[in-house]
Amino acid sequence: ETFTALDRACPHDFNQSASHIDVDSVNLTFIDRNCGSKFNLLTGNVEQGPATHPMKQYAVDYDGVSILHIHN
């Protein structure tokens with residue numbers, strides 16, 4: 001019952017049209033294939049640059065039953 005919401009725009013090159021983060025299911029990380037940055041799957045923290053900032057995280061509220069609210 002714990003959720004994390006992360007923005008899929010890479011914090012390193014978010015202005016680039018090709019900038020989006022994919023899930024690397026083999027290594028259990030997020031990866032921006034455009035710049036090569038890798039991020040922790042659970043926290044969004046940088047594991048490999050050139051990114052120096054973690055993925056943007058949003059606040060999450062869960063009612064414990066079926067409703068998940070994501071907001072900033």
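Two strands pair if DSSP finds at least two bridges between them. Keep that rule in mind as you work through this predicted model.

**Exercise 1. Find how β4 and β5 pair, and place them in their sheet.**

Step 1. Count the bridges: β4 and β5 are joined over two of them, which run in the antiparallel sense. The rule asks for at least two.

Step 2. Look across to β5: K38 stands opposite Q48 in that strand.

Step 3. Now step back to the whole sheet. It is open and has four strands in the order β2-β3-β4-β5, with antiparallel pairing. Its edges are β2 and β5 (46-48), each of which pairs on one side only.

Step 4. Finish with the twist: ignoring direction, neighbouring strands of this sheet are turned by 35° against each other on average.

**Exercise 2. Work out which residues the salt bridges join into one network.**

Step 1. A search of the whole structure gives two salt bridges. As a reminder, side chains of opposite charge can pair when their charged atoms come close.

Step 2. Start with R8 and D22, whose side chains meet in a salt bridge with an N to O distance of 3.5 Å. R8 sits in the loop between β1 (5-6) and β2 (21-24), while D22 belongs to strand β2, so this pair ties together parts that are 14 residues apart in sequence.

Step 3. Go on to D22 and R33, which form a salt bridge with their closest N and O atoms 3.6 Å apart. This pair also links distant parts of the chain, 11 residues apart: D22 is in strand β2 and R33 in the loop between β3 (29-32) and β4 (38-40).

Step 4. Put the bridges together: they share partners and join R8, D22 and R33 into one network.

Step 5. Check accessibility. R8 has a relative accessible area of 51% and is therefore exposed, since exposed means over 50%. R33, at 55%, counts as exposed too.

**Exercise 3. Decide whether T29 is buried or exposed, and list what T29 touches.**

Step 1. Locate T29: this residue is found in strand β3.

Step 2. Read its relative accessible area, which is 6%, so T29 is buried. The cut-off for buried is under 20%.

Step 3. Leave out residues up to four places away in sequence. T29 then touches D22, V23, D24, F39, L41 and E47.

**Exercise 4. Name the members of the largest nonpolar core and follow C10 outward.**

Step 1. The core has seven residues: L6, C10, I21, F30, F39, A51 and M55.

Step 2. Setting aside neighbours within four places in sequence, C10 contacts S19, I21, D32, C35, S37 and F39.

Definitions and conventions: Residues numbered from 1 in each chain as written. Predicted model: local features only at pLDDT ≥ 70, side-chain atom pairs only at ≥ 80, totals over all residues. Heavy atoms only, no water. Salt bridge = Lys/Arg side-chain N within 4 Å of Asp/Glu carboxyl O. Helix = DSSP H or I, 4+ residues; strand = E, 2+ residues; numbered from the N terminus. Buried < 20%, exposed > 50% of the residue type's maximum accessible area, 1.4 Å probe, protein only. Core = buried A, V, L, I, M, F, W, Y, C linked by side-chain atoms within 4.5 Å. Contact = heavy atoms within 4.5 Å. Axes fitted to C-alpha atoms, helices over the stretch in contact; angles between N-to-C directions.
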